[in-house]
Amino acid sequence: PWRVMSEDGMEDVAAALAEGSAGGEAHSLEVNGERLWVVSQTSERLGMTLSVLLPEERAFGPLARYRTWLWILSAASVAIVVFFALSIHRMIQRPLRMLVHSLSQVEKGNFKFSVAYRWKDEFGYLFEKFNSMVKQLNVLVHEVFEQKYRLHLAELRQLQSQINPHFLYNSFFLLHRMAKREDYENIER
């Protein structure tokens, strides 16, 4: 829509254009309290300058609305990223903390410890394998304990079998010495 300007306004525009009109330039101009966006182009062939005046509100008004949308979308994006980061942190941090706690229990020697994890994801697989590892460790520890017990028992029986003939030999040796010395009373005892 075209508007008619007062003669004072036209004189101001003409003076401003004459002052600042270089070829192909754009600048802002204030006329009668209204900001105008001026784009000028000079043709040397014709010896004329074409200037287009457009109210800044009309030229840049939609940009203000887009700027508002940009800030809203930026804030929403930051909120979504923070929410996503916290969710991922919680989804990964909790199972890792459980796994570290479980490993510390096994390190302390608690081989009857098992972890219940309800999801069938990568952590579910890890916890399933952790539980089977702990069961296997428990079996191996009992097997090693039984082997050591059997080894000690076998050593004890071997020592007993060595002691019995040695004791018997020593007894016969003492009886033989006493008989040689004719100590019949002690031999009877």
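In this predicted model, R65 sits over the face of Y66, 5.6 Å from the centre of the ring.

Rings also meet each other here, and the structure has 2 aromatic pairs. W37 and F60 make an edge-to-face pair, because their planes stand at 80 degrees, with ring centres 5.2 Å apart. This pair brings together distant parts of the chain: W37 belongs to strand β2 (residues 34-43) and F60 to helix α2, with the two positions 23 residues apart in numbering. W37 is partly exposed, at a relative accessible area of 26%, and F60 is partly exposed too, at 34%. Y117 and F127 form a tilted pair, with planes at 40 degrees and ring centres 5.1 Å apart. Since Y117 lies in the loop between α2 and α3 and F127 in helix α3, the pair ties together parts 10 residues apart in sequence. F127 is buried, with just 2% relative accessible area.

F127 turns up again around V115, a residue in the loop between α2 and α3 (122-181). The C-alpha atoms of V115 and F127 are 6.5 Å apart, although 12 residues separate them along the chain. Leaving aside residues up to four places away in sequence, V115 touches M98, S102, F127, F130 and N131. V115 counts as buried because its relative accessible area, 11%, is under 20%.

M98 and Y117 also help line the second largest pocket, along with R90, M91, I92, R94, P95, R118, W119, D121 and F123. The volume of this pocket is about 280 Å³. Helix α2 (residues 56-107) gives the largest share of the lining, 6 residues. By class, the lining holds 7 nonpolar and 4 charged residues, but no polar ones.

Technical notes. Residues numbered from 1 in each chain as written. Predicted model: local features only at pLDDT ≥ 70, side-chain atom pairs only at ≥ 80, totals over all residues. Heavy atoms only, no water. 1 Å grid on protein atoms, 1.4 Å probe; cavity = no way out; pocket = protein on both sides within 12 Å on 5 of 7 lines; lining within 4 Å. Points joined across faces, edges and corners; volume = space filled by probe spheres on them. Helix = DSSP H or I, 4+ residues; strand = E, 2+ residues; numbered from the N terminus. Nonpolar A, V, L, I, M, F, W, Y, C, P; charged D, E, K, R; others polar. Buried < 20%, exposed > 50% of the residue type's maximum accessible area, 1.4 Å probe, protein only. Contact = heavy atoms within 4.5 Å. Phe/Tyr/Trp six-rings, centres within 6.5 Å; stacked < 30°, edge-to-face > 60°. Lys NZ or Arg CZ within 6 Å of the ring centre and 35° of its normal.
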